Amino acid sequence: GAARAKRRHRDIFPKTWICDCGDPFKLNPFIKAPQYMRKYEEMWCSECDYIAVPTKESYKGYYEQYWEKIRVIPQGFNFAKTPIADYHKNDVP
């Protein structure tokens, strides 16, 4: 929807559009997306200026012609560096 809005209203759309996308759709190996969605995903990829993804390997989920737009912005926590208190079962469920 946003890609279509950009095409129709370039004069009021932001000059730089950074899209946060942690879940690719059409090339996602874990889902079977309908074939017609490729058209919409390619329109979105072509219209945005940058695609922000959470991991280095995320680029594989996007069409190769748009890989130069991908920027990695790590998300989440590294629990290995977070001290965790010892677990004690609560008597009250």
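In this predicted model, Asp20 sits across from Ala52 of strand 2, and that pairing is a handy way into the sheet. One position back, Cys19 has Ile51 of strand 2 as its bridge partner. Strand 1 (18-20) and strand 2 (50-53) run parallel to each other, with three bridges between strand 1 and strand 2. On the other side, Ala52 also stands opposite Arg71 in strand 3, and strand 2 and strand 3 again pair in the parallel sense over three bridges. Put together, this gives an open, parallel sheet of three strands in the order 1-2-3. Strand 1 and strand 3 (70-72) are the edges, each pairing on one side only. Neighbouring strands of the sheet are turned by 30° against each other on average, if direction is ignored.

Strands of a sheet pair through backbone hydrogen bonds, and they can do that either parallel or antiparallel. Here the sheet takes the parallel option.

As for the overall layout, the protein has two helices and three strands, and from the N terminus on they come as α-β-α-β-β. The chain as a whole is not packed like a ball: a compact globule of 93 residues would have a radius of gyration near 12 Å, whereas this protein comes out at 19 Å. The C-alpha trace spans about 60 × 30 × 30 Å along its principal axes. Buried residues account for 30% of the 93 residues. Among contacts with a separation of 6 or more, 46% link residues 24 or more positions apart.

Ile51 is a good place to look inside. This strand 2 residue has 0% relative accessibility, so Ile51 counts as buried. Beyond its neighbours within four places in sequence, Ile51 is in contact with Cys19, Cys21, Trp44, Cys45, Tyr62, Lys69, Ile70 and Arg71. Arg71 lies 20 residues along the chain from Ile51, yet the two C-alpha atoms are separated by 6.1 Å. Ile70, one of those contacts of Ile51, is found in strand 3. Ile70 is buried too, because its relative accessibility is 13% and the cut-off for buried is under 20%. With residues up to four places away left out, Ile70 touches Ile51, Val53, Tyr59 and Tyr62. Pro29 is another matter: Ile70 and Pro29 are 41 residues apart in sequence and 19 Å apart in space, C-alpha to C-alpha.

Ile51 also turns up in the largest nonpolar core. That core has 15 residues, and the members touching the most other members are Trp17, Trp44, Ile51 and Tyr62. Helix 2 (37-47) and strand 2 each supply at least two residues, with helix 2 giving the most, at three residues. In soluble globular proteins, nonpolar side chains tend to be buried together.

Helix 2 is worth a closer look. Its buried residues are Glu41, Glu42, Met43, Trp44, Cys45 and Glu47, so the list holds glutamates as well as nonpolar side chains. The cover over these buried residues includes helix 1 (2-8), strand 1 and strand 2. Trp17 joins several parts of the chain: leaving out residues up to four places away in sequence, Trp17 touches Ala2, Ala3, Lys6, Trp44, Glu47, Cys48, Asp49 and Tyr50.

Trp17 is also part of the aromatic story. A search of the whole structure turns up two aromatic pairs. In one of them, the ring centres of Phe13 and Trp17 are 5.2 Å apart and the planes meet at 75°, so this pair is edge-to-face. Both Phe13 and Trp17 are buried. Tyr59 and Trp67 form an aromatic pair that is edge-to-face as well, at 4.7 Å centre to centre and 85° between the planes. The setting of Tyr59 and Trp67 is more open to solvent-sized probes: Tyr59 is partly exposed, with a relative accessible area of 29%, and Trp67 is partly exposed at 33% relative accessibility. Tyr59 also connects back to the sheet, as one of the residues touched by Ile70.

Key: Residues numbered from 1 in each chain as written. Predicted model: local features only at pLDDT ≥ 70, side-chain atom pairs only at ≥ 80, totals over all residues. Heavy atoms only, no water. Core = buried A, V, L, I, M, F, W, Y, C linked by side-chain atoms within 4.5 Å. Buried < 20%, exposed > 50% of the residue type's maximum accessible area, 1.4 Å probe, protein only. Helix = DSSP H or I, 4+ residues; strand = E, 2+ residues; numbered from the N terminus. Contact = heavy atoms within 4.5 Å. Phe/Tyr/Trp six-rings, centres within 6.5 Å; stacked < 30°, edge-to-face > 60°. Pairing = 2+ DSSP bridges. Axes fitted to C-alpha atoms, helices over the stretch in contact; angles between N-to-C directions. Rg over C-alpha atoms; globule rule 2.2 N^0.38 Å.
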